[in-house]
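Me: Please take me through the strand arrangement of this structure, together with the surroundings of one loop residue.

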Amino acid sequence: MTIPRDLSNLAPGANTSGVLQPSKGGTGLTSPGASGNLLTSNGTSWVSQALSAAPTQQIFTFTALTGTFARGATKAGTYSQTGTTVTVTFTAHGFIAGDRVYLDFTSGTAGDAWFTIATAATNTFTVTRTSASTSGNVTIYPPVVVTVNNHGQSTGASVLVDYSATLVDGVETIYQATTNTFQTQGGTTTAGTGTSGNVTLPQVGTSQTWTRPTNCKKIFVQLVGGGGGTAGQAGAAGGYSQKFIDVTSISNASVTIGFAGSATYSTTTGGTTSFGSYLSATGGGTVVGGSGSNGDINYTGQGSVQMGGATAGGSTIFGTGGAAANSMTPSGYGVGASVGGCPTVTYNGTPGVVIVMEYY
């Protein structure tokens with residue numbers, strides 16, 4: 001039966017059935033839906049649906065990659081040089097072309113140095129050096145083999161390496177990179193042969209991914225780059241960026257957290273933080289802050305602040321830069337380190353962060 005437009009004309013006791021459409025003041029629904037549902041309008045019709053879930057939050061922070069290292073024992077062999085080619089002989093030496101070795105020529109006139117192996121056979125290998133004609137005995141120092149799963153580094157790149165013992169920490173050139181291993185010189189020529197231990201890559205973070213929760217429709221992303229370390233001058237804060245993103249058609253996004261700028265090594269500028277290709281922020285350097293980009297709002301990080309004879313590190317909305325005094329380390333995310341009245345007292349910045357608020 002069709003419901004009449006004017007319900008006031010219905011006779012007492014009359015029965016009606018059907019659906020009263022919104023255009024006639026009804027809901028257009030055949031049932032009220034599940035218990036606890038909320039009746040909402042989308043502008044043209046009414047919908048009975050569950051209350052939206054409360055927003056959830058995910059925070060992504062920096063975790064340095066870790067692994068192990070090992071350096072083999074020295075090997076004693078012989079060598080001969082004709083022209084620029086040095087041929088080293090050692091039975092079953094185990095090296096391959098591209099390996100890095102230190103050669104200590106204990107007799108003859110060849111000069112000690114690090115070399116990259118040019119060619120290799122079972123019992124011999126060759127390296128190239130300044131032209132000469134000489135021969136004699138040689139001690140072979142093998143490279144350090146670092147094992148870090150999915151380290152993401154390539155041959156020829158530079159990376160800060162922190163060894164647990166014996167070897168010298170510092171920025172190393174990478175040789176013979178594979179997915180999970182690479183070679184270094186160990187920061188020294190001869191130390192640490194026949195040893196092994198743990199290793200940290202302080203400026204290489206673990207791989208992270210944001211995955212859209214079920215029914216999540218929009219997210220609000222805030223991020224900041226890594227804070228700068230000191231290098232005679234105080235470190236500045238990382239840049240800042242924020243953005244609302246409709247994620248109904250997005251399943252995930254890669255997350256990179258900017259590392260902290262180092263006070264000890266050459267990489268004083270903090271690393272870049274990014275959320276997929278949607279927004280990012282560079283790290284702070286010394287004095288000058290990083291920059292946010294691609295967000296709805298982007299800020300340049302606070303620069304270092306001169307205060308008398310000392311300089312405070314730059315701050316962010318997520319933390320406070322190092323105070324303008326000795327022994328005052330920064331705290332929070334993406335902030336710069338201070339330098340006190342004595343510029344030889346130096347500190348690291350702090351890593352960046354990504355904060356994702358999820359709306360349903």
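The questions and replies below concern a predicted model.

Me: In which order do the strands of the open sheet of 6 strands lie?
Reply: The pairing in this open sheet is antiparallel. Its edge strands are β12 (170-173) and β13 (181-184), each of which pairs on one side only. From one strand to the next, the twist averages 40 degrees. Read across the sheet, the order is β12-β11-β14-β4-β10-β13.

Me: How many bridges join β4 to strand β14?
Reply: Strand β4 covers residues 64-71, and strand β14 covers residues 195-205. The two run antiparallel, with A64 having G205 as its bridge partner in β14. The number of bridges joining them is 8.

Me: Which residue in β10 does A70 stand opposite?
Reply: Strand β4 pairs with strand β10 (residues 144-147) in the antiparallel sense, over 4 bridges. Within β10, the residue opposite A70 is V145.

Me: Which residue of β14 stands opposite D162?
Reply: Strand β11 (residues 158-163) runs antiparallel to β14, and 2 bridges join them. Opposite D162 in β14 stands T200.

Me: How far apart in space are F259 and G227, C-alpha to C-alpha?
Reply: F259 lies in the loop between β18 (252-256) and β19 (273-275). Leaving aside residues up to four places away in sequence, F259 touches F62, P202, Q203, G226, T269, G270, G271 and P351. F259 and G227 are separated by 32 residues in sequence, and their C-alpha to C-alpha distance is 7.8 Å.

Note on methods: Residues are numbered from 1 along each chain as its sequence is written. This is a predicted model: local features need pLDDT of at least 70, side-chain atom pairs count only at pLDDT 80 or more; totals for chains, interfaces and linings use all residues. Side-chain values use heavy atoms; hydrogens and water are left out. Two strands pair if DSSP finds at least two bridges between them. Axes are lines fitted to C-alpha atoms, for helices over the stretch in contact, and angles run from 0 to 180 degrees between N-to-C directions. Contact means heavy atoms within 4.5 Å.
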